[in-house]
Structure formats: structure tokens, C-alpha cells
Amino acid sequence: MAQVSLNAIRKLYPNGFEAVTPSSFHIDDGEFVVLVGPSGCGKSTLLRMIAGLEDITEGTLHIGDREVNNVDPADRDIAMVFQNYALYPHMTVRKNIAYGLKNRKTPAAEIDRKVAEASALLNLDDYLDRKPSQLSGGQRQRVAMGRAIVRDPALFLFDEPLSNLDAKLRNQMRIEIKALQRRLGVTSIYVTHDQVEAMTMADRIIVMNSGKIEQIGTPAEVYHSPASTFVAAFMGAPPMNLLNARASGGSVRFADTHITDGAPADGPVTLGIRPEDLLLDPAGPLSITIDIIEELGAHRLLHASIGQEQLTVHVGKDTEVSPGPANLSVKPGTASLFAIETGKRL
Ligand code: ATP
């Protein structure tokens with residue numbers, strides 16, 4: 001196990017493109033950190049620099065007490081799990097799991113013991129003599145995990161490991177990976193573009209946008225107090241409502257209604273409210289028109305308008321609702337405010 005520290009790590013590709021601007025963070029021993037962001041934001045580049053598969057242009061990287069900028073990937077004491085499993089098709093599950101150990105000339109008895117341990121942990125006992133082609137996607141991903149586990153690494157790196165699986169299996173595997181990580185206590189960095197994976201698996205989330213870190217925080221911090229409109233819109237499905245409001249004397253008004261206090265300056269401001277923090281309330285001050293009701297079984301989403309603004313409201317499955325006029329109130333203390341020009345949280 002190990003701590004990981006990035007100090008002003010930057011990546012310039014040879015064509016001059018800056019894929020990662022100088023970025024710093026510290027990961028505690030045993031922590032599960034998820035790097036999340038849209039396609040092209042630089043999360044894989046960052047992970048590959050930690051793995052040693054990409055050169056670090058500037059900055060220093062420590063794994064444990066060691067600076068590893070110039071240490072070979074094989075000597076960084078890490079194990080990586082990829083989206084495409086990278087299993088050897090001609091080898092059995094047992095041989096795939098044992099491969100790295102065998103390569104390092106680990107004694108046969110120790111290999112057998114470690115493979116047996118990993119196989120029991122991952123429920124692979126019945127599949128050890130099969131080839132990867134005879135396994136389901138989830139089982140293949142477990143074999144890839146097994147290969148990582150037997151190496152007893154200081155650090156696990158996951159690069160979108162679940163993106164090849166269907167939605168149901170992805171849900172199941174993310175619980176399995178999280179439970180396994182808890183049990184083994186190995187420091188882990190997990191890259192995904194899926195904000196649900198980030199929310200459900202992470203101890204802390206790092207949200208990236210265009211090569212920059214937008215926010216580092218627990219899932220609750222990132223969800224409830226997004227550092228920018230980018231984070232507010234990226235985390236959460238449906239995203240936070242971002243509305244054009246006005247501040248005057250500290251009071252924030254939207255659609256001629258006082259919503260919250262605490263604006264630092266007068267003028268236009270972006271008001272952020274999560275769909276579940278808008279309440280259907282006959283006495284509520286916001287008069288909306290419900291345009292579309294989206295039925296999702298356990299709950300419903302109301303797509304509504306108020307003047308030129310569109311907003312989404314989350315209601316329970318038992319709420320009586322029909323298209324047309326309705327009234328809303330805002331759950332006290334839930335509104336976020338962002339600067340119009342920068343999108344940063346105020
Ligand atoms: P995805 O989820 O699509 O994999 P990502 O967030 O992991 O995206 P990266 O793969 O890290 O993004 O790429 C970050 C940016 O760097 C992208 O704009 C990409 O086009 C660019 N990039 C990646 N590799 C190179 C390279 N070898 N040379 C130049 N630019 C590159």
C-alpha cells in the first residue's frame with residue numbers, strides 16, 4: 001500500500017498539445033480516488049503518467065516515499081486493469097492470473113497459493129481451466145482483476161475497466177470492485193467518464209475538464225457544492241438546473257422571486273438548483289409550466305419552463321402531476337451560486 005503525490009504534473013505531447021496542465025493532489029494510503037471527466041479531458045493521460053506509460057513533461061510523482069518520474073513501469077509496484085482486459089486468449093484463466101508472477105520467477109508453490117486466494121476472492125474457482133473466450137465479460141474482467149491482485153501491488157490503476165460491459169453487469173461489477181478494494185485496502189486510482197461510477201465508487205472524486213482539475217472532493221461535496229458550473233452540469237443525471245438570476249443587496253432573485261441570500265456582489269448570477277431540491281408546492285412562489293413528464297418507475301422527471309428558462313424537477317412516483325401550470329418552492333439552503341463570467345462557485 002502507498003500514498004501517491006502529484007506535484008505540478010504537466011503533460012505536453014510532442015505536437016505541443018498540453019493534455020494536462022500542472023496538476024497537484026495527494027492520495028492517502030488505502031484511498032479509492034476516481035478521476036472523472038468527459039472524453040478528451042486528459043484523465044487517461046494523467047493515469048498513464050502515473051503508470052509510467054507516458055513521460056511526465058514537468059512536475060514530480062511520488063508513489064510511497066519514492067520519486068518515480070524515471071522509474072520503469074514494471075518497477076513502480078503498480079497493477080493496472082484496462083477496459084479491454086488484455087488477457088492472453090490461448091492461456092487458461094489459471095495461467096492468465098499467474099502470468100506476471102511466473103515472469104518474475106516466483107516459486108511455483110507461492111504462485112499456486114496466490115492464484116487460489118485470488119480465485120476464491122473473485123469467485124473464479126469453477127473457471128480456472130477455461131480459456132478467456134469461454135467466459136462472460138464480467139468473468140473476464142474478474143480474471144484481469146485477479147492478475148492485478150496476485151501481484152500485491154502498492155497501487156491499483158483502473159482505466160475504464162467496466163466500459164465494455166452492459167449496464168446491469170456494470171452495476172454489479174462496480175459493487176464487486178469497490179468491495180474488493182475495501183477488503184484489500186490497496187490505494188486505487190480509477191478513471192472513468194461515467195459520473196455514476198465516480199459517485200458510487202470513490203472515496204474522493206477528481207473532476208477534470210480540458211486538462212485541468214476542476215474540483216477534488218468527496219462524492220457528497222462534489223454533488224452538493226460543485227466548484228463550477230462545469231462540475232454542476234457534469235455530475236448528476238439529470239444535471240443541476242443552471243438558471244439566470246440577479247443579485248441585489250445580497251438577495252438572489254429568479255423569475256421575480258427571492259430564492260436565497262448570500263450573493264457577494266450585485267448583478268447577474270447563475271443560480272444552481274438540483275432537480276430534487278425543487279418541490280411541487282401549490283403555495284410555492286415559482287409559477288411553472290410542466291411540458292413533459294418522464295416516467296422512470298421509482299420516480300418521475302418533470303421537464304418544465306418558466307419564461308425562457310427550462311428546468312427539471314424530480315418528484316416521487318406517487319406525486320399527482322399532469323402537464324400544464326404548477327407551482328414550485330426551493331428547498332431552503334440548497335441553492336448554489338456561480339459567477340457568470342468564470343462559472344466558478346461564489
Ligand atoms: P477518453 O475518455 O476519450 O479516453 P481522456 O480524458 O482519457 O479521454 P486523454 O486520452 O488523456 O483523454 O487525451 C487528452 C487529450 O490529449 C485529448 O485531446 C487527446 O486528443 C490528446 N492526446 C492524446 N494522446 C495524444 C498524443 N499522443 N499526441 C497528441 N495529443 C494527444
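**Exercise 1. Is Glu214 buried or exposed?**

Task: place Glu214 in its strand and list what surrounds it.

Before starting, note that this is a predicted model, where local features need pLDDT of at least 70, side-chain atom pairs count only at pLDDT 80 or more, and totals for chains, interfaces and linings use all residues. Residues are numbered from 1 along each chain as its sequence is written, and side-chain values use heavy atoms, with hydrogens and water left out.

Solution, step by step:

- Start with the cut-offs: buried means under 20% relative accessible area, exposed over 50%, and partly exposed in between (1.4 Å probe, protein chains only).
- Glu214 has 17% relative accessibility, so it goes down as buried.
- Now find its place: Glu214 sits in strand β10, residues 212-217. Strands (E, at least two residues) and helices (H or I, at least four) are DSSP runs, numbered from the N terminus.
- Next, the neighbours. Contact means heavy atoms within 4.5 Å. Leaving aside residues up to four places away in sequence, Glu214 touches Val207, Met208, Asn209, Ala227, Ser228, Phe230, Val231 and Lys344.
- With Ser228, the side chain of Glu214 makes a polar contact of 2.5 Å. A polar contact is a pair of N or O atoms within 3.5 Å; within protein, one must be able to donate a hydrogen and the other to accept it, and residues adjacent in sequence count only if both atoms are side-chain atoms.

**Exercise 2. Helix α1 and the loop after it**

Task: work out which residues of α1 are buried, then look at Glu54 in the loop that follows.

Solution, step by step:

- Seven of the nine residues of α1 are buried, so the rest of the structure largely encloses this helix.
- Those buried residues are Lys43, Thr45, Leu46, Leu47, Met49, Ile50 and Ala51.
- Just past α1, Gly52 has a positive phi of about 90°.
- Glu54 belongs to the loop between α1 (43-51) and β4 (58-63), and at 18% relative accessibility Glu54 counts as buried.
- Which residues does Glu54 touch, not counting those up to four places away in sequence? They are Lys11, Tyr13, Arg48 and Met49.
- The side chains of Glu54 and Lys11 are joined by a polar contact of 3.3 Å.

**Exercise 3. Three salt bridges, one by one**

Task: for each pair below, give the distance, the location and the exposure of both partners.

Solution, step by step:

- The rule: a salt bridge is a side-chain nitrogen of Lys or Arg within 4 Å of a carboxyl oxygen of Asp or Glu. Searching the whole structure turns up 16 of them.
- Arg94 and Asp129: their side chains meet at 3.2 Å, N to O. This pair links distant parts of the chain, 35 residues apart, with Arg94 in helix α2 (residues 93-103) and Asp129 in the loop between α3 (108-121) and α4 (137-149). Arg94 is partly exposed at 37%, while Asp129 is exposed at 59%.
- Glu110 and Lys114: here the N to O distance is 3.8 Å. Both are in helix α3, four residues apart, which puts about one helical turn between them. Glu110 is partly exposed at 29%, and Lys114 is buried at 12%.
- Asp203 and Arg182: the closest N and O atoms are 3.9 Å apart. Asp203 lies in the loop between α6 (195-201) and β9 (204-209) and Arg182 in helix α5 (residues 167-184), so the pair ties together parts 21 residues apart in sequence. Asp203 is partly exposed at 26%, and Arg182 is exposed at 57%.

**Exercise 4. How do the two domains meet?**

Task: describe the interface of domain 1 and domain 2.

Solution, step by step:

- Set the bounds: domain 1 covers 4-228 and domain 2 covers 238-339; such bounds come from an automatic or database domain assignment.
- The C-alpha centres of the two domains are 39 Å apart.
- Count the contacts: six residues of domain 1 are in contact with five of domain 2.
- Together the domains bury about 400 Å², 48% of it on carbon and sulfur atoms. Buried area is the accessible area (1.4 Å probe) that two parts lose on being put together, summed over both.
- Finally, check the pairings: there are zero salt bridges between the domains, but two residue pairs are in polar contact across the interface, both at pLDDT 80 or more.
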